[in-house]
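Visitor: Could you walk me through this one? I'm new to reading structures.

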Amino acid sequence: MSETSPGLSSPTIMLIALARRLATSALPFVVVILLWQFASLFFPRFLFPSLIDVFWRCIEIFSTGSMFADVLATILRILAGLAGAFVIGAALALLMFRSRPLDSFLSPILSLFQGIPALSWVVFAIIWFHGVEFRILFIMVVTTLPAFTFQVLGALRGMSRDLMEMVFSFRPTRAKLFRVMIAPAILPDILTAWKVNLGNASRVVVVAELVGATGGVGYQLLQQQQLFDMAGALAWTLQLVFFVLIVQGTLTLIETTVFRYRAVSERAI
């Protein structure tokens, strides 16, 4: 039986469900905000600044051209690094899927790369390369490449063999095979890979900019640390948080739209 009243119309029921979902999603953030604001009443401002101060610092970043340019620079670095790592990783995954000897050769190398900390790659990039932008691009690509490669490879290996043989029986062209069989099978894992690597990339780019850049969110965080400006540090950190939330929401919307044909279970697992 439904928990809602039988006299309510369908749009009203949908609005109530949406309001409940929004309230559930917002509750953890409200609790954190209240706890932080409560702590700001008893601790010095350089430890727990008022969230009102943080809000005005965020407005200052958005309204000041030079500051907002640093935010855009960091966003472009993240997107460029993720795009490069995804293209290279997808190509490597396809080659490893088609060739077992190549898989045996590349898997240990990618596992080795995955175990190297991001800070070590920053040091290597500073020693090897001269240009700041190329250093950051190299760090972004090499730190997210193994995850993209393994996740795409796992998606390719997870395709149903029986379904693949059935599709081959119709003798499709390569383009149609990719559109009808391969893309729907691997796209959910690819979107998940982007969601996971987006958070990793946002952390890596800050480390790269802290050490080797003269602009960007990481560079600005270093300036706030030298001034012991906690409100500024929080405001600059929130710029990356906003970006990650917006992109993840976009990816979720794409996933919901593309796979709306999936059946929804009436049971909760």
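Guide: Sure, starting with T144, which lies in helix α6 (residues 132-157); helices here are DSSP runs of H or I, at least four residues, numbered from the N terminus. The model is predicted, so local features need pLDDT of at least 70 and side-chain atom pairs count only at pLDDT 80 or more, while totals for chains, interfaces and linings use all residues. Residues are numbered from 1 along each chain as its sequence is written, and side-chain values use heavy atoms, leaving out hydrogens and water.

Visitor: Is T144 buried or exposed?

Guide: Buried means under 20% relative accessible area, exposed over 50%, and partly exposed in between (1.4 Å probe, protein chains only). T144 has 1% relative accessibility, so it counts as buried.

Visitor: And I52, buried or exposed?

Guide: I52 is found in helix α2 (residues 51-63). Its relative accessibility is 53%, so I52 counts as exposed.

Visitor: How are α2 and α3 oriented to each other?

Guide: α2 and helix α3 (residues 65-98) pack at about 90°, with axes 5 Å apart. Axes are lines fitted to C-alpha atoms, for helices over the stretch in contact, and angles run from 0 to 180 degrees between N-to-C directions. Angles under 35 degrees count as roughly parallel, over 145 as roughly antiparallel, 65 to 115 as roughly perpendicular and the rest as oblique. Therefore α2 and α3 are roughly perpendicular.

Visitor: Which residues of α3 make the contact with α2?

Guide: Contact means heavy atoms within 4.5 Å. On the α2 side you'll find E60, I61, F62 and S63, and from α3 come G65, M67, F68 and V71.

Note on methods
Helices (H or I, at least four residues) and strands (E, at least two) are DSSP runs, numbered from the N terminus.
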